[in-house]
Every structure is written in C-alpha cells, then in structure tokens.
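I set aside some bench-side time to look through this model and jot down what I found. Here are my entries, in the order I looked things up.

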Amino acid sequence: MKIETKKRIELINITDHVNEHVKESNVQQGICVISTRHTTSSIIVNENEAGLRGDILSLLERLVPENAGYSHDRIDDNAHAHLRAVLLGSSETLQISNSKLILGTWQSIFFAELDGPRTRTVDITVIGK
C-alpha cells in the first residue's frame, strides 16, 4: 500500500485499509503483519483520539528532539526521525478470526510518519487458513 504523507511528523489511520486487505485475503484464522520499509517511519496500534495522537507526537519530540547533536545528522539531518522509529518499531502483528482483525474496542492501526512529507510503502501480509 502506498501512502502520501503531508507533514513532517504525523499519524495516519490505516485500519480500514488493513481490514479490507484481510477481508480480500479470504483467510478465516491467522495473523496479519503490517510493516513499513522505511527507517524513518513506524507502525503502531493505539487509540484514535485527537488529543492522544497529539500527545504521542509531542512525546516523541520531547524524547528525541531535532538538532540535538546526533552523529547521523552530518549525513542527512534526520537522525531524530531514525531514533524515533527505533522507539516505535517498524511492524505490528495482529490476529485474524472469522476473516476480521482482532482489535480492542479503542484500537486502531497507524502509520507514523517521522520524516515527511514523503511517498511511503506499507506491506500487509496475511497468513492463515
């Protein structure tokens, strides 16, 4: 799946896209792996509430600020994005039951852009029977 991000740092809800992919796979029971190919982006699961989304982004900015003297910044000035991605991780694995993702009541799947705007690729792999 291709994603066109619009901001330097943002969370994009991809739950509907992943659900559709699972449905089209015809897998009844199994797992779904959602991953990003990029070292300055992440996949996370959390609540889709505007205040919380903002809090997550603010937390990342406080924990790993830009221009903090990182060695990698000598190359392309985005070490903060790489380090934020290390904290969040590049993939999530979710269970499938009755051809549906098993998500908690408030859980959504997000693509986290950490060095945008860019064109990104998210891979969705469904395994099961």
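**Entry 1, the main core.** I started with the largest nonpolar core of this predicted model. I find 18 residues in it, and Ile 14, Val 18, Cys 32, Ile 34, Leu 101, Ile 109 and Val 122 touch the most other members. Next I asked which elements give two or more residues to this core. They are helix H1 (15-25), strand S3 (29-36), S4, strand S5 (91-97), S7 and strand S8 (119-128). S8 gives the most, with three residues.

**Entry 2, around Cys 32.** I picked Cys 32 from that list and looked up what it is in contact with, leaving aside neighbours within four places in sequence. From the earlier part of the chain I noted Val 18 and Val 22, among others. The contacts also include Glu 92, Thr 93, Leu 94, Ile 96 and Leu 101, and I added Ile 124, Thr 125 and Val 126 to my list.

**Entry 3, another core.** A second, separate core turned up, with eleven residues. Among them are Leu 60, Ala 85, Phe 110 and Ala 112.

**Entry 4, the sheet.** In what order do the three strands of the open sheet come? I read S2-S7-S4, with antiparallel pairing. Strand S2 (10-13) and strand S4 (41-47) are the edge strands, each pairing on one side only. From one strand to the next, the twist averages 35 degrees. I then looked at S4 and strand S7 (residues 107-113), and seven bridges join them. For one pair by name, I noted that Asn 46 has Ser 108 in S7 as its bridge partner. Helix H2 (residues 50-63) lies across S2, S4 and S7, and it runs at about 140 degrees to S4.

**Entry 5, Asp 76.** This residue lies in helix H3 (residues 73-76). Is Asp 76 buried, exposed or partly exposed? I call Asp 76 partly exposed because its relative accessible area is 41%, and that class runs between 20% and 50%. The side chain of Asp 76 also makes a polar contact with the side chain of His 72, at 2.9 Å.

**Entry 6, helix H4.** Which residues of helix H4 (residues 79-88) are buried? My list reads Ala 79, His 80, Ala 81, Arg 84 and Ala 85. These buried residues pack against S4, H2 and H3. Ala 85 is also the one I had written down for the second core. Last note of the day: just after H4, Gly 89 takes a positive phi of about 95 degrees.

Notes: Residues are numbered from 1 along each chain as its sequence is written. This is a predicted model: local features need pLDDT of at least 70, side-chain atom pairs count only at pLDDT 80 or more; totals for chains, interfaces and linings use all residues. Side-chain values use heavy atoms; hydrogens and water are left out. Two strands pair if DSSP finds at least two bridges between them. Axes are lines fitted to C-alpha atoms, for helices over the stretch in contact, and angles run from 0 to 180 degrees between N-to-C directions. Contact means heavy atoms within 4.5 Å. A nonpolar core is a set of buried Ala, Val, Leu, Ile, Met, Phe, Trp, Tyr and Cys residues joined through side-chain atoms within 4.5 Å. Buried means under 20% relative accessible area, exposed over 50%, partly exposed in between (1.4 Å probe, protein chains only). A polar contact is a pair of N or O atoms within 3.5 Å; within protein, one must be able to donate a hydrogen and the other to accept it, and residues adjacent in sequence count only if both atoms are side-chain atoms.
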